[in-house]
Amino acid sequence: MIRKFILPPASIVCLFALLASGCLHAQAAAHSTMPRIEKRDGRYALIVDGAPYLMLGAQINNSSAWPAMLPQVWPAIADLHANTVEMPIYWEQFEPTQGHFDDSVLLTLLEQARQHKVHLVLLWFGTWKNGSPHYTPSWIKLDDARYPLMIGSDGRTVDSLSPLFPATLDADRTAFAAFMGDLKAADPQHTAIMVQVENESGTWGCVRDFSPTAQKLFDGPVPADLIAGLHKQPGTWQQVFADQADVAFHAWNVARFVGQVAAAGKAVYALPMYANAALAPLDNPKPGTYESGGPTHNVLDIWKIAAPAVDILAPDIYTPAYRAYIRYLDLYGRPDNPMFVPETGNQPPYARYFFAALGHGAIGFSPFGMDFTRYRNDPVGAPALDKDALAPFALNYQIAGPMDRELAQLSFEGKLKAVSESPTDHRQTLDFDAWQAVVSYGMPQFGSGREPAGNVLPDGGALIAELAPNEFLVAAIHARVDFTPQQTGKQRQFVRVEQGFYHNGIWHFERIWNGDQTDYGLNFTSAPQVLRVTLATY
Ligand code: DGJ
């Protein structure tokens, strides 16, 4: 359906209903069930339907959110056991001519997501998609005078819109607000629980805009709110940020732009919103060698000040190396930023990082390119994704899926800890009040007394939650879990090790582990198994 945007239909309905004075109650009820981010005791939860929610996510390929492609999407989502699908909304499709909005694809996505019983995270592919304006409508692409591209330091035109021109900002936020209005009207049941504003905003191959407009601003003072927020002395960008001046300038301007787009959308429909980052190298990233302007780890403080309407700054993690992966989780899991991995690689080594993300308090985790359209974003040309290739990711969600609400609640209460296998440290420890959990990898399933040697491919992971004193929820993949009393001179005794599963919040007993299954610790394979463990000392 194509229509002209004036006021979101829901607002019109409310206007009339307000006159009849019923709508205030309806709005209050809607608010209580609104998806939202909550913070308590320094920890975050994504609240969906009034309770913490763990997003077992899957992002589909860039060109897969067209109705004709969806038959190749849903089977992958089912095989994966995902509870949330991240799908793009294309500005070029949504506003093909200026001021005419087409919500037909949005309505299809919502309807099919409901049929497949998953939530959606919708990705606004607007002014920036991987730094470029490739998803803008042609009336933007073809009007560089009105919507200027950036100019590089050498005078060449760059394939990235400048964040400095009001016409571009107005166009994007008008479209985004219209999209949020349509979403609000079409989704009273909150199938969509979060929205990504732009996609990897910023610019590749050019550190900032060097157009005359930009240069004038760059030569001027750093805005007072940024100076105050960073507790710096006033001055020009060069004086305040020295060799990071170009980076800081572009980050501020991109973040201000994205923040204003997010704020315009939230004014219409206040779903949680996040911005994702193409990551900068970890150590002393050299300006110009990575995507500049987006929420990279070195400019998170600037983004937090510039874009308060953006709830989460989220890392797209495409490095499978253990130390780097964990560092990125550390850098983004800050006290002022909920942990969320909106994109990560879809090759097997990435699957285990689901556990490390949980260990960092993640509200969600989402491998990229999870559909059967056969496209694979893998430089070494891996074969098309099929059920077998999905299996390591599916196993995570098979384990976590039936207890996703329990895990989210335990995480919010600070009772959940989790780790992924490191290729160098084959033994990791997690401290609880009276117990230390010991997770080891590559142990023989049977027998004890040998040092763990790691799995051939480091693909293990474990999660452990303290349910009550001496009582733990334990699940793992390719790992052995055991417990040591914190009190010296005491030894661990398994009082009872129950295998079972949660269903609708109720624990269901299946069997007791004993004998070979417990004599050498709790050995987990690739079987999706969950234990409730009661411990004592002797
Ligand atoms: C990160 C982007 O955010 C995705 O949309 C996609 O382009 C991947 N990179 C690569 O396939």
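Glu 498, in strand 22, has Ile 512 of strand 23 as its bridge partner. Those two strands, residues 492-503 and residues 506-512, pair in the antiparallel sense over six bridges. They belong to a predicted model, and the points below walk through its hairpin, two of its sheets, the ligand site and the overall dimensions.

**The hairpin of strands 22 and 23**

- Two residues lie between strand 22 and strand 23, and together the strands form a hairpin.
- Asn 504 sits in the turn of this hairpin, with a positive phi of about 50°.

**The four-stranded sheet**

- Strands 17, 18, 21 and 24 form an open sheet in the order 17-18-21-24, with antiparallel pairing.
- At its edges are strand 17 (427-431) and strand 24 (522-524), each of which pairs on one side only.
- From one strand to the next, the twist of this sheet averages 25°.
- Inside that order, strand 18 (residues 435-441) and strand 21 (residues 479-485) run antiparallel and are joined by seven bridges.
- If you would like a landmark on this pairing, look for Gln 436, which stands opposite Thr 484 in strand 21.
- When you follow side chains here, keep a general pattern in mind: in a regular strand they alternate between the two faces of the sheet.

**The three-stranded sheet**

- Another open sheet is made of three antiparallel strands in the order 2-3-4.
- Its edge strands are strand 2 (36-40) and strand 4 (51-53), and each of them pairs on one side only.
- The twist in this sheet averages 55° from one strand to the next.
- Strand 3 (residues 43-48) runs antiparallel to strand 4, and three bridges join them.
- One of the pairs to look for is Val 48 with its bridge partner in strand 4, Ala 51.

**The ligand site**

- The residues around the ligand are Asn 62, Lys 129, Asn 130, Asn 199, Glu 200, Asn 276, Asp 316, Tyr 318, Glu 343, Phe 368 and Asn 377.
- By character, this shell divides into two nonpolar, five polar and four charged residues.
- Lys 129 has a side-chain N or O atom 3.0 Å from an oxygen atom of the ligand.
- For Asn 130, the distance from a side-chain N or O atom to an oxygen atom of the ligand is 2.9 Å.
- Asn 377 likewise places a side-chain N or O atom 2.9 Å from an oxygen atom of the ligand.
- Taken alone, the ligand exposes 290 Å², and the protein buries 83% of that area.

**The chain as a whole**

- In secondary structure, the protein chain contains 17 helices and 25 strands.
- Its C-alpha trace spans about 75 × 60 × 45 Å along the principal axes.
- The radius of gyration of the protein chain is 25 Å, which agrees with a compact globule, because a globule of 538 residues would have a value near 24 Å.

Note on methods
Residues are numbered from 1 along each chain as its sequence is written. This is a predicted model: local features need pLDDT of at least 70, side-chain atom pairs count only at pLDDT 80 or more; totals for chains, interfaces and linings use all residues. Side-chain values use heavy atoms; hydrogens and water are left out. Two strands pair if DSSP finds at least two bridges between them. Axes are lines fitted to C-alpha atoms, for helices over the stretch in contact, and angles run from 0 to 180 degrees between N-to-C directions. A residue is near a molecule or strand if one of its heavy atoms lies within 4 Å of it. A polar contact is a pair of N or O atoms within 3.5 Å; within protein, one must be able to donate a hydrogen and the other to accept it, and residues adjacent in sequence count only if both atoms are side-chain atoms. Accessible areas come from the Shrake-Rupley method with a 1.4 Å probe; for residues, only the protein chains shown count as cover. Ala, Val, Leu, Ile, Met, Phe, Trp, Tyr, Cys and Pro count as nonpolar, Asp, Glu, Lys and Arg as charged, and the others, Gly among them, as polar. The radius of gyration is taken over C-alpha atoms; the globule rule is 2.2 Å times the number of residues to the power 0.38.
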